[in-house]
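User: Could you take a close look at the core of this one for me, and then walk outwards to the rings and loops around it? I'd like one connected account.

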Amino acid sequence: QVQLVESGGGLVQAGDSLRLSCAASGRIFSTYIMGWFRQAPGKEREFVARMRWSGGSPLYADSVKGRFTISRDNANTVYLQMNNLKPEDTAVYYCAANLRPTGSYEYWGQGTQVTVSS
């Protein structure tokens, strides 16, 4: 089992920055990939960014490339630094963990709301 708790969401204006945090606990050392996803009202959940728990090159959705950065610290927290936010970034953001290199993510956090006003 892996437990994930997101925080850091809020209401900001276009062009502002936010940093989301995802505190991981449980079988974290078995985690292979950590990812961030988001779901806007009336839309399907979409991929935002992911990284291997052990490090290496991250992967980003084209819509956030160059603006968002995923990272991890040594205290088992994964971050999503979001710069130059746009109204279309408004969504509930979720972090997720996969214990395997492929396949569906097995563990999800409860989500944190990000609202960007124009």
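Analyst: What follows starts at the nonpolar core and works outwards to the disulfide, the rings and the loops.

A word on ground rules: this is a predicted model, so local features need pLDDT of at least 70 and side-chain atom pairs count only at pLDDT 80 or more, while totals for chains, interfaces and linings use all residues. Residues are numbered from 1 along each chain as its sequence is written, and side-chain values use heavy atoms, with hydrogens and water left out.

Let's begin in the middle. A nonpolar core here is a set of buried Ala, Val, Leu, Ile, Met, Phe, Trp, Tyr and Cys residues joined through side-chain atoms within 4.5 Å. Buried is under 20% relative accessible area, exposed is over 50%, and partly exposed falls in between (1.4 Å probe, protein chains only). The largest such core has 32 residues, and Leu-4, Trp-36, Leu-80, Met-82 and Tyr-93 have the most contacts inside it. Strands that each supply at least two of its residues include β1 (2-7), β3 (18-26), β4 (33-39) and β9 (91-98). Strand names follow DSSP runs (E, at least two residues; helices are H or I, at least four), numbered from the N terminus. As a rule, nonpolar side chains in soluble globular proteins tend to be buried together.

Leu-4 is a good place to zoom in. Skipping residues up to four places away in sequence, Leu-4 touches, among others, Cys-22, Met-34, Cys-95, Tyr-107 and Trp-108, where a contact means heavy atoms within 4.5 Å. Its strand, β1, shows a neat alternation: Val-2, Leu-4 and Glu-6 point to one face and are buried, whereas Gln-3, Val-5 and Ser-7 point to the other and are not. That is how a regular strand goes, with side chains alternating between the two faces of the sheet. β1 runs antiparallel to β3, joined by six bridges, and Val-2 stands opposite Gly-26 in β3; strands pair if DSSP finds at least two bridges between them.

Two of Leu-4's contacts, Cys-22 and Cys-95, are bonded to each other: they form a disulfide with their sulfur atoms 2.0 Å apart. The cut-off is a pair of cysteine sulfur atoms within 2.5 Å, and by this rule the count comes to one. The link between Cys-22 and Cys-95 is right-handed, with 55 degrees about the S-S bond. Cys-22 is in strand β3 and Cys-95 in strand β9, so the bond ties together parts that are 73 residues apart in sequence. Both cysteines, Cys-22 and Cys-95, are buried.

Now for the rings. Phe, Tyr and Trp rings (the six-membered one for Trp) pair if their centres lie within 6.5 Å; planes under 30 degrees apart are stacked, over 60 edge-to-face, and the rest tilted. There are four aromatic pairs in the structure. Phe-37 and Phe-47 have ring centres 5.8 Å apart and planes at 75 degrees, so they are edge-to-face. This pair brings together Phe-37 in strand β4 and Phe-47 in strand β5, ten residues apart. Phe-47 is partly exposed at 26% relative accessibility. Phe-37 also pairs edge-to-face with Tyr-105, at 5.0 Å centre to centre and 80 degrees between the planes. Here Tyr-105 comes from the loop between β9 and β10 (107-108), 68 residues from Phe-37, and both Phe-37 and Tyr-105 are buried. Ring pairs join Phe-37, Phe-47, Tyr-105 and Trp-108 into a cluster.

Trp-108 has a charge to deal with, too: the charged end of Arg-45 sits over its ring, 3.8 Å from the centre. That call requires NZ of Lys or CZ of Arg within 6 Å of the ring centre and within 35 degrees of the ring normal. Elsewhere, Arg-72 lies over the face of Trp-53, 4.2 Å from the ring centre.

Last, the loops. β7 and β8 run antiparallel, joined by five bridges, with Ile-70 partnered by Leu-80 in β8. Their hairpin has four residues between the strands, and Asn-76 there takes a positive phi near 65 degrees. Most residues other than glycine have a negative phi. Asn-76 is buried, at 17% relative accessible area. Asn-84, in the loop between β8 and β9, also has a positive phi, about 50 degrees, but Asn-84 is partly exposed at 40%.
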